[in-house]
Amino acid sequence: MTIFSKIIAGEIPSYKVAEDDAYYAFLDINPVAKGHVLVAPKKEEDYLFDLDDDTLAGMALFSKRVATAIRKAIPCKRVGVTVIGLEVPHAHIHLIPITKEADMLFTQPKKKFEPEEFKAIAAAIAANFE
Ligand code: 5GP
């Protein structure tokens, strides 16, 4: 079981922003930006492009809804999208609110937030999820 499956199952806590039958969205614990969200399929698969077509296509549509909510909740120009997947072997998409290209860089120092701040960020995004 991957760490993300444990998060999805509620065995490990997370700051959830959205969920449906097939996908789970939550704040990255080591964010490069305020409102940095991860979207993962509930179905366990390591590599994004090994997902079956329906799960991958549905993940894009679910991510669109999450990105729309992020953009409403967090001041930004766009929501950047990236896939790395070298750390956690459970497919996921990074959604990152950005105002400039450098905001996407994973080499920058990670942002620090208190639990209460993480909670408020997740709640603000969740409140805008449709
Ligand atoms: P990647 O696999 O895309 O290279 O990186 C995994 C991402 O997941 C990183 O940005 C990291 O901060 C995040 N991450 C790793 N473990 C956890 C966790 O237990 N909880 C949360 N919320 N994020 C995690």
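**Two helices, a cavity and a pocket**

In this predicted model, a good place to start is helix α2, whose buried residues pack against β1, β2, β3, β4 (78–82), β5 (93–98) and α3. Which residues of α2 are buried? They are T55, M59, F62, S63, V66, A67, A69 and I70. Look down the axis of α2 and these buried residues fall within an arc of 160°, so they line one face of the helix. Turn to the face pointing away from that buried side, and you'll find the exposed residues D53, D54, L61 and K64.

You can also check the length of α2. With 21 residues at 1.5 Å a residue, α2 should span 30 Å, and its end C-alpha atoms are indeed 30 Å apart, so the two agree.

Now move along to α3, which covers residues 115–127. The same sum works here: its 13 residues should span 18 Å at 1.5 Å a residue, and the end C-alpha atoms sit 18 Å apart, which agrees. Buried in this helix are F118, I121, A122 and I125. Seen down the axis of α3, they fall within an arc of 95°, so they too line one face of their helix. On the other side of α3, E116 and A127 are exposed.

What do the buried residues of α3 pack against? Their partners are β1 (16–19), β2 (23–27), β3 (37–41) and α2 (53–73). Seen from α2, the list of packing partners likewise includes β1, β2, β3 and α3.

Two alanines of α3 are worth a click. A124 belongs to this helix, and its relative accessible area is 28%; because buried means under 20% and exposed over 50%, A124 counts as partly exposed. From A124 to A69 you'd walk 55 residues along the sequence, yet their C-alpha atoms are 8.5 Å apart in space. A69, remember, is one of the buried residues of α2. A126 is also found in α3, and at 33% relative accessibility this residue is partly exposed as well. The C-alpha atoms of A126 and Y15 are separated by 10.0 Å, with their positions 111 residues apart along the chain.

Next, the empty space. Rolling a probe the size of a water molecule over the atoms shows where such space is left. Searching the whole structure turns up 1 cavity of 30 Å³ or more, and the largest cavity has a volume of about 30 Å³. Around this cavity sit L27, D28, P31, A33, K34, G35, H36, F113, F118 and I121. F118 and I121 should look familiar, as both are among the buried residues of α3. Sorted by class, the cavity lining has 6 nonpolar, 2 polar and 2 charged residues.

Finally, there's the largest pocket, with a volume of about 450 Å³. It is lined by 21 residues, and those closest to its centre are F4, D28, L38, E87 and V88. Which elements give two or more residues to this lining? They are α1 (3–8) and β2, and the largest share, 3 residues, comes from α1. The pocket lining divides into 13 nonpolar, 5 polar and 3 charged residues. D28 is worth finding in both places: this residue is named in the cavity lining and again among the residues closest to the centre of the pocket.

Notes: Residues are numbered from 1 along each chain as its sequence is written. This is a predicted model: local features need pLDDT of at least 70, side-chain atom pairs count only at pLDDT 80 or more; totals for chains, interfaces and linings use all residues. Side-chain values use heavy atoms; hydrogens and water are left out. Helices (H or I, at least four residues) and strands (E, at least two) are DSSP runs, numbered from the N terminus. The expected span of a helix is 1.5 Å times one less than its number of residues. Buried means under 20% relative accessible area, exposed over 50%, partly exposed in between (1.4 Å probe, protein chains only). The arc is that of the directions from the helix axis to the C-beta atoms. Contact means heavy atoms within 4.5 Å. On a 1 Å grid over the protein atoms alone, a cavity is a set of points where a 1.4 Å probe fits but cannot get out, and a pocket is an open set with protein on both sides within 12 Å along at least five of seven lines; lining residues have an atom within 4 Å of a point. Grid points are joined across faces, edges and corners, and a volume is the space filled by probe spheres set on the points. Ala, Val, Leu, Ile, Met, Phe, Trp, Tyr, Cys and Pro count as nonpolar, Asp, Glu, Lys and Arg as charged, and the others, Gly among them, as polar.
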